Amino acid sequence: MARNPRYDVLFEPVRIGPVTTRNRFYAVPHAAGMTNAMPHMRAAFRGMKAEGGWGVVCTGYVSIEPGSDDSPLPFATLWDDDDVRSHALMTEAVHAHGALAGIELWHGGGSVMNRTSRLPTMSPSGTSWMATHVNFMGHQRPRVMDAQDIRLLLDCQAAAARRARQAGFDIVYVYAGMGYLPYEFLLPEWNRRTDAYGGSVANRVRIVRELLEVTHEAVGGKCAIALRISLEELRARPSERAASEAHEVVALLADLPDLWDVKMDSSPTDCPPSRFAPEGSHEPVIDFVKTLTRKPVVGVGRFTSPDTMVGQIRRGVLDLIGAARPSIADPFLPVKIEGGREQDIRECIGCNICISSWHDGVPVRCTQNPTAGEEWRRGWHPERITAAASAAPVLVVGAGPAGLECALSLGRRGYEVTLAEATDEIGGRLRFETRLPGLTAWGRVLDWRRGQIERLTNVNIYRGNLLSAAEILELQAAHVVIATGAHWARLLYSALEIPAGELSGAGVFTPDDIAAGVSLKSPVVLYDFDNYYMGSALAEHLAGSGHKVSYVTPAGHASAWGIMSNEQPQVHRALASAGIALHTLSRVTAFANGAVTLANQFTNEETRLECASLVIVGTRFASDTLHAELMTRAGEFADAGIHSVTRIGDALAPGAIVHAVYSGHRYAEELDAEPAAVPYRRDAPLARQV
Ligand code: ADP
Ligand code: SF4
């Protein structure tokens, strides 16, 4: 198919300093957890985006010297010549598919803790990031940078830029964003200096100017120089000389970088979950940059719609369409638009599981794209899959995320697949969850798979088909896949932090009951020790339906795990604006006579809270009775032609949607393959001189 001429503008080449990108699709720097320790995985992950048509593909953050050590968060290094080869693997993979490779050189300044290098940290005035969440806290305060430290920073940037050029990069970054060192010079809270680097905006911007200059000089005109800068705080600050301090900063540097890469200041606003921010949410902060520079501007906004992308260019907001998440969810997004296949784009759902992977310190995982991070170690490809190794028909029971992904991927391999779903609607847990506040975009997990399955003639979906073990035995499937999901339990939570003690009886509910449409009486107490989105989203939903809601959790925050997915700050705002009272560090221990008893998690001190309906969002168990029933009849499998019965997704081990999709995909990839003791290739750093 030919591409829609409306999208032609997206395929125009753009000159960036001495290099030219083939189109306007720009995979911006983003952490993907693989670091120099997994150079082949990293190269394959980034190379896949180049294969998928991105014009520029960048690294994640790359430290320029050992005093910038973000461990345990996974960062890359370019500290010495031995690091060059590791990065060269990536540039080769990217160049092999005709894209440009960009490298984000980075110094963390006062926001890192140097936990591995154990060197003193540094910042403009000895200020450090005082995060209130434990995974970002640290106890070492930075030293105040003196003239020698400033020289060190500039020299390390220049040396890293020279190595970047040696490694084959086409675009080299100066990174002045997200609380990192050059950004710290820009804001007076971080920068209280009285020398030429502090005070006026022109002074505060000096270090960025010098970093740009030394980088230019180091690459000898061979690479483009990009400036990545956070503008959210600066834009909010009035200036006597311009519309805001952000305007002043951009005007002062105007044409010095070859490319402006503009962004927000903190991960929750830069990379907000779709639950709280729409596509293109940066625009009000970055929309002015193009009016002050002649150089191209790239920015992000979870762009997945080509019409929105064209709009950004036509309206003069951006020159290049930046993407981190959309390029993870669908590395082939540009190729699909190019081929007139927009409907095939596997759109990012904005769940931020990818970001949680970085916070977890592991290689990237994606809810929509189970092959992300698995390109090298498992040989998975987002668009291609090995042909079927047999003609064995497969029955998949349950059309939730696991069953849908499994049926689709088996269908792509060429297997004859029957997908049976008990209810009249496919989607499993998504049927209800996508109706919760902010979760509509998660419906893309279902929509994309439904659309793809509809094109396959070898996958047939049977809705309204609640299968029993006896029926399965009659269906003559060689392989039976049980994807029947999970259910929520009415268990409470013990002082040992283990689910224990069932609370049944009138007025006690789980999310399954709400999904089934029960009506609750107010006041409602929502008791959450699942700690992910369900508790807070359900609380919002119930408050939105007119209930008086209190939210109780043994954790210190609402949706405590949401700090990992950038949700937590907005969760607290959403609960507050919905008038939901918050009770943290509290366990529900009893429910009687119109009230629940709460015990403080640490002191056990008891209080009572008025309650007509208690909703427990605690733990889930696999809905595996069908599997158990089937296994009691294993003796009949041979006569029924059944070679295997396998549970996948929540029916095996309840998890988030990302786990279910991955489980379904892995089953499909591995059917008829020889099982291996270690199921994937293990990457290793390239040998260095020791
Ligand atoms: P997962 O996240 O693992 O995909 P879900 O709970 O989202 O799990 O989906 C499980 C699906 O399985 C639900 O749509 C449910 O209706 C369906 N299901 C459960 N039992 C049966 C059965 N016996 N026959 C057919 N479908 C079933
Ligand atoms: Fe998008 Fe979620 Fe995938 Fe991240 S994990 S790229 S937010 S779908």
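How far is the sulfur of C406 from the closest cysteine sulfur, and in which residue does that closest sulfur lie? The sulfur of C406 is 18 Å from its closest cysteine counterpart, which belongs to C366, and this is too far for a bond. A disulfide is taken here as a pair of cysteine sulfur atoms within 2.5 Å, and by this rule the count comes to zero disulfides.

This is a predicted model, in which local features need pLDDT of at least 70 and side-chain atom pairs count only at pLDDT 80 or more, while totals for chains, interfaces and linings use all residues. Residues are numbered from 1 along each chain as its sequence is written, chains are lettered from A and ligands numbered from 1 in the order in which they are written, and side-chain values use heavy atoms, with hydrogens and water left out.

Two cysteines can be set side by side for burial, where buried means under 20% relative accessible area, exposed over 50%, and partly exposed in between (1.4 Å probe, protein chains only).

| Residue | Relative accessible area | Class |
|---|---|---|
| C348 | 7% | buried |
| C406 | 0% | buried |

C348 also appears beside ligand 2, since a residue is near a molecule if one of its heavy atoms lies within 4 Å of it; of the 14 residues around this ligand, C348, C351, N352, C354 and C366 come nearest.

Strand β11 (residues 259–263; strands are DSSP runs of E, at least two residues, numbered from the N terminus) has five of its five residues buried. On one side lie L259, D261 and K263, and on the other W260 and V262.

Definitions and conventions: Helix = DSSP H or I, 4+ residues; strand = E, 2+ residues; numbered from the N terminus.
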